[in-house]
Amino acid sequence: MTVDALTDVTGVRVGHATRSGSGWLTGTTVVLAPEGGAVAAVDVRGGGPGTKETDALDPRNLVERVEAIVLTGGSAYGLDAASGVMAWLEEQGRGVRVGEDPAHVVPVVPAACVFDLGRGGDFRARPDAATGRAAVEAAAASPVGAPVREGCVGAGTGAAVGAMKGGVGTASTVLDSGITVAALVVANAVGSVMAPETGVLYGELFQGRVNYPEAHVHETARRRLAEAAAKSARPLLNTTLAVVATDAGLSKAQAQKVAGTAHDGIARAVRPVHMLNDGDTVFALATGARRLDAQRPLALNEILEAGADLVARAIVRAVRAAESVDGPGGVWPSYEELYGRR
């Protein structure tokens, strides 16, 4: 049984830590690999990324597998959440062995952040090591294959897409080969996720599920978005993050190709993308539970295609799962409130 989420890749768990109210509107999401780790890679296309330990994922470098990936709010300040995840992993004896003693490990915890500073009203309310620890503990406590909460949770708590509310979304598929591919995104973009002339989500155009809103609904939504934008301080500093996971056995170089191609999914669902003030970053994880067919040199293409499609679909789900925010930090109506579920 699948749940159409990143956790459909067996052994991968997801945990959120969410802070809202009293000046807070932020959080952290942790993707926890199966014990023993997963092959990992990253591709950064945005001009203003905030990341940690991404150099370790270069195929030319030593580390082959990682135990967790951190997606967090709080801009560069929020990267401190990775320290809490690192401490928890060390306690579990999970990480790169650096001595004969099994307890002597160095967990390599790649992380990336989105800009959400001040969206709850307090610029200093941002994730820290305790937030990261809470998220990884939530991931570890979840059952294998558990559904993943979407919308305004974890790193998507303070996310925004243009003048609308963003959030976390996820999706998965099983290929004809039996390989599972899945994606989780934090949609927090400078660009828009919908066509200004119609209100249709760009990502749904690629899914072939277009249901155009009535003209008067769209006109009302446009007016409300303009009003919301006028009430909110919207620094043009954002980022869309994604993790694409598969149970296929991939090399670091192949995983890096998956991460790079998955950016196409962001480009299908958000316009414009990869701007100087975006930090768009995609991670790839491969658990290796299923062997890629060595007799088919182009077998990776199926995973590449699925990864991009799933990132686009996960962005749509993030936007549709988001809930409106009207607080001291600003006003961000949700797509569902503006247009209704169709």
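Here are a few worked exercises on the structure above.

This is a predicted model, in which local features need pLDDT of at least 70 and side-chain atom pairs count only at pLDDT 80 or more, while totals for chains, interfaces and linings use all residues. Residues are numbered from 1 along each chain as its sequence is written, and side-chain values use heavy atoms, with hydrogens and water left out.

**Exercise 1. Work out how the span of helix H6 compares with the expected one, and whether H6 is enclosed or not.**

Step 1: find the element. Helices (H or I, at least four residues) and strands (E, at least two) are DSSP runs, numbered from the N terminus. H6 covers residues 300-321, 22 residues in total.

Step 2: check the span. The expected value is 1.5 Å times one less than the number of residues. For H6 that gives 32 Å, and the model comes close, with 31 Å from first C-alpha to last.

Step 3: look at burial. Buried means under 20% relative accessible area, exposed over 50%, and partly exposed in between (1.4 Å probe, protein chains only). Since 16 of the 22 residues of H6 are buried, the helix is largely enclosed by the rest of the structure.

**Exercise 2. Find which parts the salt bridges of Arg317, Arg320 and Arg94 tie together.**

Step 1: set the criterion. A salt bridge is a side-chain nitrogen of Lys or Arg within 4 Å of a carboxyl oxygen of Asp or Glu. The structure has 14 of them.

Step 2: take Arg317. Its side chain meets that of Asp4 at 2.4 Å, N to O. Arg317 sits in H6 and Asp4 in the segment before strand S1 (13-21), so the pair links parts 313 residues apart in sequence. Arg317 is partly exposed at 23% relative accessibility, and Asp4 is partly exposed at 22%.

Step 3: take Arg320. Its partner is Glu336, at 2.5 Å, N to O. Arg320 belongs to H6 and Glu336 to helix H7 (residues 335-339), so this bridge ties parts 16 residues apart in sequence. Both Arg320 and Glu336 are buried. As for shared partners, salt bridges join Asp4, Glu150, Arg313 and Arg317 into one network.

Step 4: take Arg94. Its closest N lies 2.6 Å from an O of Glu67. Arg94 is in the loop between helix H1 (81-91) and strand S7 (96-97), and Glu67 in the loop between strand S5 (65-66) and strand S6 (68-72), so the two tie together parts 27 residues apart in sequence. Arg94 and Glu67 are both buried.

**Exercise 3. Place Pro328 and say what it touches.**

Step 1: locate it. Pro328 is in the loop between strand S16 (325-327) and strand S17 (330-332).

Step 2: check exposure. Pro328 has 74% relative accessibility, so it counts as exposed.

Step 3: list the contacts (heavy atoms within 4.5 Å). Leaving aside residues up to four places away in sequence, Pro328 touches Gly120 and Gly121. Leu25 is 303 residues away in sequence, yet 10 Å away in space, C-alpha to C-alpha.

**Exercise 4. Pick out the backbone oddities at Ser22, His274 and Pro272.**

Step 1: Ser22 is not a glycine, but its phi is positive, about 55°. Ser22 is in the loop between S1 and strand S2 (24-32), and counts as exposed at 76% relative accessibility.

Step 2: His274 also has a positive phi, near 60°. His274 lies in the loop between H5 and S15 and is partly exposed at 25% relative accessibility.

Step 3: a cis peptide bond, omega about -5°, joins Arg271 and Pro272. Pro272 is in the loop between helix H5 (252-269) and strand S15 (281-290).
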